[in-house]
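Me: Please take a close look at one part of this structure, a single strand and whatever pairs with it or packs around it. I would like one connected account that works outward from there.

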Amino acid sequence: MDIGDAAPGFSLPDQDGRVRDLKGLLAEGPLVLFFYPAAMTPGCTAESCHFRDLAAEFAQLGAGCAGVSADAVERQHAFADMHGLGFPLLSDEDGRVARAYGVRRTAPGLSALAPTRRCTFVIGTDGRVLHVVRSEIRMNAHADGALAALRSADGAGPAGR
């Protein structure tokens, strides 16, 4: 998946068991869809909490956020509750959505511990990818990069913070 590609559609349960789909998530505006390896781990907690902390700034730009991992609905629920995450955490237990977005790990061993690569896609209301953030180790880069891309698309530019 790269800039300009059509984002693959999906339907996945969120942390409350409610099925969410791409079309519905895009109904309110652009979507920042971030994939993370595993709930309740230090890196994924830092990344998710940074998205939470910038939620008002995303909302000002009309954008929503949603996280995706291979964790079960129950684990996503506990993760969201523990950290006060106010956005959907989607459960992709079989990895089909991660595969469609090109972020499913296939290496033996590592794929069992962290089946999903850390990657963020900013998706426009037309369903096309506007921006991609790929970093396994810079947790804040995902929310920061998505916010900068949305500001640029909105005409405010990355410096309009």
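What follows is a walk from one strand to its neighbours, and then to a few single residues and a pocket.

Reply: The model is a predicted one, and I take strand β6 as the part to examine. This strand, which covers residues 119-123, is mostly covered, with five of its five residues buried. The burial concerns both faces of β6: Cys119, Phe121 and Ile123 lie on one side, Thr120 and Val122 lie on the other, and all of these are buried.

β6 has pairing partners that can be described in turn. With β3 (31-35), β6 runs antiparallel, and five bridges join the two strands. Within this pairing, Leu31 is the residue that stands opposite Ile123 of β6. With β7 (129-134), the pairing of β6 is again in the antiparallel sense and extends over five bridges; here Thr120 stands opposite Val133 of β7. The connection between β6 and β7 is a hairpin with five residues between the strands, and in its turn Gly127 has a positive phi of about 85°.

From β3 the pairing can be followed to β4 (64-69), although the sense is now parallel, with five bridges joining β3 to β4. One pair within it is Phe34 with its bridge partner Gly67 in β4. Because five of the six residues of β4 are buried, this strand is largely enclosed by the rest of the structure. β4 also pairs in the parallel sense with strand β5 (residues 89-91), over three bridges, and the bridge partner of Val68 in β5 is Leu90.

Helices join the picture as well. Helix α7, made up of residues 140-154, has 15 residues and reaches 21 Å from its first C-alpha to its last, close to the 21 Å expected at 1.5 Å a residue. Its buried residues are Ala141, His142, Ala143, Gly145, Ala146, Leu147, Ala149, Leu150 and Arg151, and what covers them includes β6 itself, together with β3, β7, α2 (42-53) and α3 (55-60). Ala148 also lies in helix α7, but it counts as partly exposed because its relative accessibility is 24%, and the cut-off for burial is under 20%. The C-alpha atoms of Ala148 and His131 are 9.7 Å apart in space, while the two residues are 17 apart in sequence.

Helix α2 has twelve residues, which at 1.5 Å a residue should span 16 Å, and the distance between its end C-alpha atoms, 16 Å, agrees with this. The buried residues of α2 are Gly43, Cys44, Thr45, Glu47, Ser48, Cys49, His50 and Phe51. What covers these buried residues includes β6 and α7, and also β3, α3, β4 and α4 (73-83), so that β6 is among the elements covering α2 as well as among those covering α7.

Turning to single residues in loops, Pro115 has its place in the loop between α6 (110-113) and β6. Pro115 counts as buried because its relative accessibility is 11%. Between Pro115 and Ala141 there are 20 Å in space, C-alpha to C-alpha, and the two are 26 residues apart in sequence. Another loop residue, Asp14, is found between β1 (11-13) and β2 (19-21), and it is buried, with a relative accessible area of 1%. When residues up to four places away in sequence are not counted, Asp14 touches Arg20, Val73, Pro88, Leu89 and Leu90; Leu90 is the residue already named as the bridge partner of Val68.

The last feature is the largest pocket, which has a volume of about 210 Å³. Of the 17 residues that line the largest pocket, Ala63, Gly64, Cys65, Phe87 and Pro88 are the closest to its centre. The elements that give two or more residues to this lining are α3 and β4, and α3 gives the most, with three residues. By residue character, the lining divides into eleven nonpolar, four polar and two charged residues. Pro88 thus appears twice in this account, as one of the residues closest to the pocket centre and as one of the residues that Asp14 touches.

Note on methods:
Residues numbered from 1 in each chain as written. Predicted model: local features only at pLDDT ≥ 70, side-chain atom pairs only at ≥ 80, totals over all residues. Heavy atoms only, no water. Helix = DSSP H or I, 4+ residues; strand = E, 2+ residues; numbered from the N terminus. Expected span 1.5 Å × (residues − 1). Buried < 20%, exposed > 50% of the residue type's maximum accessible area, 1.4 Å probe, protein only. Contact = heavy atoms within 4.5 Å. 1 Å grid on protein atoms, 1.4 Å probe; cavity = no way out; pocket = protein on both sides within 12 Å on 5 of 7 lines; lining within 4 Å. Points joined across faces, edges and corners; volume = space filled by probe spheres on them. Nonpolar A, V, L, I, M, F, W, Y, C, P; charged D, E, K, R; others polar. Pairing = 2+ DSSP bridges.
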